[in-house]
Amino acid sequence: MDSLARPESAADADAELAYNVFARACPSRTTLEHVTGRWGALTLGALHDGTFRFNELRRRVDGVSEKMLSQTLHALERDGLVHRDAQPTNPPRVDYRLTPLGEQIAERLLALIHFVEGSQDDVSAAQRRYDGQSER
């Protein structure tokens with residue numbers, strides 16, 4: 001096969017080139033930002049454990065403001081990662097859970113989160129060495 005031959009099908013080639021997060025205009029950058037931002041990653045990780053109401057989730061993601069959690073949940077819902085279930089009760093009850101796509105992403109994020117947690121001693125030691133060198 002020569003170097004100019006196309007892949008098995010034109011669709012395969014288009015699929016390979018459809019999204020490139022390194023390209024400025026690629027829409028996947030926005031999704032990546034939602035997923036890897038501090039509150040997005042922590043929210044997805046927290047929701048991996050089950051369904052939560054807003055205030056339960058807010059307590060679980062310690063330090064997030066009500067406004068930031070609301071914005072994060074809206075973005076993740078729009079991206080198809082979180083499902084919002086509003087029940088018509090009085091008072092209204094709203095539950096949040098991961099979609100199947102959200103589950104897949106959360107599992108990968110949790111692997112990274114657990115790796116970072118497990119490596120924190122090494123990171124702290126590197127930070128101390130760096131800070132000691134910069135004081136000279």
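Me: In this predicted model, which residue in S3 is the bridge partner of Val82?
Reply: S2 spans residues 82-87 and S3 spans residues 93-98, and these two strands run antiparallel. Within that pairing, the bridge partner of Val82 in S3 is Leu98.

Me: How many bridges join S2 to S3, and how many residues form the hairpin connection?
Reply: The two strands run antiparallel, and the bridges that join S2 to S3 number 6. The hairpin that joins S2 to S3 passes through 5 residues.

Me: Which peptide bond is cis, with omega near 0°?
Reply: Most peptide bonds are trans. Pro91 is placed in the loop between strand S2 and strand S3. The bond that leads into Pro91 has omega near 0° and is cis; it runs from Asn90 to Pro91.

Me: What is the order of the strands in the open sheet?
Reply: Strands of a sheet pair through backbone hydrogen bonds, either parallel or antiparallel. Here the sheet is open, has 3 strands and shows antiparallel pairing, in the order S1-S3-S2. S1 (52-53) and S2 each have a single partner strand, so one side of each is left without a neighbour in the sheet; the strands at the edges are S1 and S2.

Me: Which residue in S3 stands opposite Arg53?
Reply: S1 and S3 run antiparallel and are joined by 2 bridges. Phe52 has Tyr96 in S3 as its bridge partner. Arg53, in turn, stands opposite a residue of S3, namely Asp95.

Me: Is H3 roughly parallel or roughly perpendicular to H6?
Reply: Helix H3 (residues 38-47) packs against helix H6 (residues 100-118) with the axes 9 Å apart and at an angle of about 110°. Angles of 65 to 115 degrees count as roughly perpendicular. H3 is therefore, with respect to H6, roughly perpendicular.

Me: How many residues of the contact of H3 with H6 are nonpolar?
Reply: From H3, the contact involves Ala41, Leu44 and Gly45, which meet Ile105, Ala106, Leu109, Leu110 and Ile113 in H6. Of the residues in this contact, no charged ones are present and 1 is polar, while the nonpolar ones number 7.

Me: Is Thr43 buried or exposed?
Reply: Thr43 is located in helix H3. Leaving aside residues up to four places away in sequence, Thr43 touches Leu57, Val61, Leu69, Thr72, Leu73 and Leu76. A residue under 20% relative accessible area counts as buried. The relative accessible area of Thr43 is 0%, so Thr43 is buried.

Key: Residues are numbered from 1 along each chain as its sequence is written. This is a predicted model: local features need pLDDT of at least 70, side-chain atom pairs count only at pLDDT 80 or more; totals for chains, interfaces and linings use all residues. Side-chain values use heavy atoms; hydrogens and water are left out. Axes are lines fitted to C-alpha atoms, for helices over the stretch in contact, and angles run from 0 to 180 degrees between N-to-C directions. Helices (H or I, at least four residues) and strands (E, at least two) are DSSP runs, numbered from the N terminus. Angles under 35 degrees count as roughly parallel, over 145 as roughly antiparallel, 65 to 115 as roughly perpendicular and the rest as oblique. Contact means heavy atoms within 4.5 Å. Ala, Val, Leu, Ile, Met, Phe, Trp, Tyr, Cys and Pro count as nonpolar, Asp, Glu, Lys and Arg as charged, and the others, Gly among them, as polar. Buried means under 20% relative accessible area, exposed over 50%, partly exposed in between (1.4 Å probe, protein chains only). Two strands pair if DSSP finds at least two bridges between them.
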